[in-house]
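Reader: Please take me through the terms applied to this structure. I should like each one set against its definition.

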Amino acid sequence: MEKIKFYDMKGVNCWIINLKPFGRDEPDERIRNLQDECVRNNVFGIGWWTEYFNTHTKVTLDENSKKAYNDSFNGELSSRASAVDEMSKIKCGDLAIMRLRDGHIYLGKVTDPAFHDSTILSKENASRISWMCKVEKWLEFCDETSIPSEIMGRFSQRQQATITKIANYKQRLLMLSMYD
């Protein structure tokens, strides 16, 4: 008799990350360079650099740093505040998935909650990432046919938020299964 696999999903959140902290007209090469460096360093993050990081080169994203960072925008937050708020909810053990310019899907388990450290990436790319999370390792999926269609469908939306929590139970279960 075949054993049935049991997944304990209590407390594990899954996130879709859109790793493109650039303007719409940014050269593809710069985007790929940043994405490749994030994969090599086992991190993902969001953009919106501010003067706040000129004096805070290594800081954890908590309520105090989030407020100070958001205040540095002088009231011009909009979608930035919601992305920062979502980053602050990511915790160790959560899963993050992203599709990069190379068409590959990367899936990782978070080992460190959101932080800023300007020494992890090159100087050019560090100035593009405000808050980041570290993952244990990235699992790379090169063939879209190996990805469940419910997960691939999430990447086909025209306008994607920077970071989105996956609430659907089945999609979370599929991501856990992919990681396993």
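The exchange below treats the overall fold, the cores, the aromatic pairs and the salt bridges in turn.

Reader: What kind of model is this, and what rules limit the values?

Author: This is a predicted model, in which local features need pLDDT of at least 70 and side-chain atom pairs count only at pLDDT 80 or more, while totals for chains, interfaces and linings use all residues. Residues are numbered from 1 along each chain as its sequence is written, and side-chain values use heavy atoms, with hydrogens and water left out.

Reader: How many helices and strands are there, and in what pattern do they follow?

Author: The protein has seven helices and seven strands. Helices (H or I, at least four residues) and strands (E, at least two) are DSSP runs, numbered from the N terminus. Along the sequence the pattern reads β-α-β-α-β-α-α-β-β-α-β-α-β-α.

Reader: Why is the protein called as compact as a globular protein of its length?

Author: The radius of gyration is taken over C-alpha atoms, and the globule rule is 2.2 Å times the number of residues to the power 0.38. For 180 residues that rule gives 16 Å, and the radius of gyration of the protein is 16 Å, close to that value, so the description applies. The C-alpha atoms fill a box of roughly 60 × 35 × 30 Å along the principal axes.

Reader: What makes Met98 a buried residue?

Author: Buried means under 20% relative accessible area, exposed over 50%, and partly exposed in between (1.4 Å probe, protein chains only). Met98 has a relative accessible area of 0%, and is therefore buried. Buried residues make up 43% of the 180 residues in the protein.

Reader: Where does Met98 lie, and which residues does Met98 touch?

Author: Met98 is placed in strand S4. Contact means heavy atoms within 4.5 Å. Leaving aside neighbours within four places in sequence, Met98 is in contact with Ile17, Leu19, Val39, Val43, Phe44, His104, Ile105, Tyr106, Trp138 and Phe155. Ile17 is 81 residues from Met98 along the chain, yet their C-alpha atoms are separated by 5.0 Å. Across the protein, 72% of the contacts with a separation of 6 or more are between residues 24 or more positions apart.

Reader: Which residues touch the most other members of the largest nonpolar core?

Author: A nonpolar core is a set of buried Ala, Val, Leu, Ile, Met, Phe, Trp, Tyr and Cys residues joined through side-chain atoms within 4.5 Å. The largest has 37 residues, and Phe44, Met87, Ile90, Met98, Leu121 and Trp131 touch the most other members. Elements giving two or more residues to this core include strand S1 (14–17), strand S2 (43–46) and helix H2 (52–55). S6 gives the most, with five residues. A second, separate core of 17 residues includes Leu107, Phe155, Met175 and Leu176.

Reader: How do you know that Tyr69 and Trp131 form an edge-to-face pair?

Author: Rings of Phe, Tyr and Trp (its six-membered ring) pair if their centres lie within 6.5 Å; planes under 30 degrees apart count as stacked, over 60 as edge-to-face and the rest as tilted. By this rule there are four aromatic pairs. For Tyr69 and Trp131 the centres are 5.5 Å apart and the planes 80 degrees apart, which fits the edge-to-face class. The pair links distant parts of the chain, with Tyr69 in helix H3 (residues 63–71) and Trp131 in strand S6 (residues 131–141), 62 residues apart. Both Tyr69 and Trp131 are buried. Ring pairs also link Phe53, Tyr69 and Trp131 into a cluster.

Reader: What makes Arg101 and Asp28 a salt bridge?

Author: A salt bridge is a side-chain nitrogen of Lys or Arg within 4 Å of a carboxyl oxygen of Asp or Glu. The closest N and O atoms of Arg101 and Asp28 are 2.0 Å apart, which meets the criterion. Arg101 lies in the loop between strand S4 (95–99) and strand S5 (105–117), and Asp28 in helix H1 (residues 28–40), 73 residues away. The structure holds 10 salt bridges.

Reader: Why is Arg101 called partly exposed, and is Asp28 buried or partly exposed?

Author: Arg101 has a relative accessible area of 34%, so the partly exposed class applies. Asp28, at 33%, also counts as partly exposed.

Reader: Which parts does the salt bridge between Asp85 and Lys66 tie together?

Author: The side chains of Asp85 and Lys66 meet at 2.7 Å, N to O. Asp85 lies in helix H4 (residues 79–89) and Lys66 in helix H3, so the pair ties together parts 19 residues apart in sequence. Lys66 is buried, because its relative accessible area is 9%, whereas Asp85 at 27% counts as partly exposed. Glu63, Lys66, Asp85, Glu86 and Lys89 are linked in a network of salt bridges.
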